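The following exercises concern one protein model and its ligand. Each task is followed by a solution in steps.

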Amino acid sequence: MKLWLDGGLRDAASAQVSVFDHGLTVGDGIFETMKTVDGRAFALTRHLDRLARSARGLALPEPDLDEVRRACRAVLEANPTARGRLRVTYTGGVCPLGSDRGENPPTLVVALGPVPPPAPTTAVVTVPWTRNERGALAGLKTTSYAENVVALARARERGATEALFANTAGSLCEGTGSNVFVVLDGEVHTPPIASGCLAGVTRALAVEWTGARETDLPLDVLDRAEEIFLTSTLRDVQAVDRVDDRALPAPGPVTAKAVRIFAERSAADLDP
Ligand SMILES: Cc1ncc(COP(=O)(O)O)c(C=O)c1O
């Protein structure tokens, strides 16, 4: 396996990042995960736009997106994979111990791993922890993901694959690595970006392609939604068959249509 690190392809087994890298010591970094099909990344342009936005949000130096594109291409060519997850990680680089940044350049890593196709349906749980829609990191895809690690572990303990958060105002927000959609009176709704959720690439495409509305929703909408589905790069559009102890039809008719539209439109254009 070859990956890209600081300007070139390296063997994954021997590639080295400093133990003083600010991504490691304090989670000062950003990332993107893309789906790859037959060696090509889906929605690369949208993911690179978000990488640049996240960098600005963390006041990291502007990433060289031409280099990131070159790196993605090189890694995909070096590791033929039918279906993969292509991960771009960009950190504050080598810094003094503590939260201050140093003078060193950022670290850029691009790596590829295999990934199975998503299950058509899944179970989710709600968790008592909140997303902070007013926090400095709200809406940024940073490597400070330990809250997601804890919540996802809770979901796994309960036989689910995703945990859903409310925000500090009690509104439905998002999952640890996905956005959430609900069907109410036959209409599709998803929380607005102001809820503190990540501006998911799949979410944006699903909104554009299905006409879903962005609506501030209380968390307990999950008790009455007719259907629920998740969107993410690695799930595409995925029906929810259980939320906590509540069973749901999955996929219900509205979700089934969203799944179909997403599959058709994403197959027709690799970089929508
Ligand atoms: C916190 C969070 N929300 C939502 C998403 C979904 O975003 P995307 O559709 O761009 O994968 C992700 C992606 O992994 C995420 O980490």
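**Exercise 1. Burial and overall dimensions**

Determine what percentage of the 272 residues of the protein chain count as buried, and examine whether the radius of gyration agrees or disagrees with that of a compact globule.

*Solution.* Step 1: a residue is buried if 20 or more other C-beta atoms lie within 10 Å of its own, exposed if 12 or fewer, and partly exposed in between, with C-beta atoms placed from the backbone. Of the 272 residues of the protein chain, 43% meet the criterion for buried. The model is predicted: local features need pLDDT of at least 70, side-chain atom pairs count only at pLDDT 80 or more, and totals for chains, interfaces and linings use all residues. Residue numbers start from 1 along each chain as its sequence is written.

Step 2: the radius of gyration is taken over C-alpha atoms, and the globule rule is 2.2 Å times the number of residues to the power 0.38. For 272 residues a compact globule would have a value near 19 Å, and the protein chain has 19 Å, so the two agree. The C-alpha trace spans about 55 × 40 × 30 Å along its principal axes.

Step 3: two residues are in contact if their C-beta atoms, placed from the backbone, lie within 7 Å. Among contacts between residues at least 6 apart in sequence, 69% join residues at least 24 apart.

Step 4: helices (H or I, at least four residues) and strands (E, at least two) are DSSP runs, numbered from the N terminus. The protein chain has 6 helices and 15 strands.

**Exercise 2. Backbone geometry**

Identify the residues joined by a cis peptide bond, and locate A43 and D236 in the secondary structure.

*Solution.* Step 1: the cis peptide bond joins A250 and P251, with omega about -5°. P251 belongs to the loop between β15 (246-247) and α6 (253-268).

Step 2: A43 is not glycine, yet its phi is positive, near 55°. A43 sits in the loop between β4 (40-41) and α2 (44-57). A43 counts as buried because it has 22 C-beta neighbours inside 10 Å.

Step 3: D236, likewise a residue other than glycine, has a positive phi near 55°. D236 lies in strand β14 (residues 236-243). D236 also has 22 C-beta neighbours inside 10 Å and therefore counts as buried.

**Exercise 3. The helix α6**

Compare the expected span of α6 with the distance between its end C-alpha atoms, then state which residues of α6 are buried.

*Solution.* Step 1: the expected span of a helix is 1.5 Å times one less than its number of residues. The 16 residues of α6 should therefore span 22 Å; the end C-alpha atoms are 23 Å apart, which agrees.

Step 2: V254, T255 and A258 are the buried residues of α6. They cover an arc of only 95° around the axis, which puts them on the same side of α6; the arc is that of the directions from the helix axis to the C-beta atoms.

Step 3: exposed on the other side of α6 are P253, R260, A263, E264, A267 and A268. The buried residues of α6 pack against β10 (179-184), β11 (187-190), α5, β13 and β14.

**Exercise 4. The helix α5 and the ligand**

Find which element supplies the largest share of the shell around the ligand, and describe what the buried residues of that element pack against.

*Solution.* Step 1: a residue is near a molecule if its C-beta atom, placed from the backbone, lies within 6 Å of it. The ligand is surrounded by 13 residues, of which L198, G200, V201, T202 and T233 are the closest.

Step 2: α5 (201-210) and β13 (227-232) each supply at least two residues of this shell. The largest share, 3 residues, comes from α5.

Step 3: Ala, Val, Leu, Ile, Met, Phe, Trp, Tyr, Cys and Pro count as nonpolar, Asp, Glu, Lys and Arg as charged, and the others, Gly among them, as polar. The shell has 2 nonpolar, 9 polar and 2 charged residues.

Step 4: V201, T202, R203, L205, A206 and T210 are the buried residues of α5. The buried residues of α5 pack against α2, β10, β11, β13, β14 and α6. Just after α5, G211 has a positive phi of about 75°.
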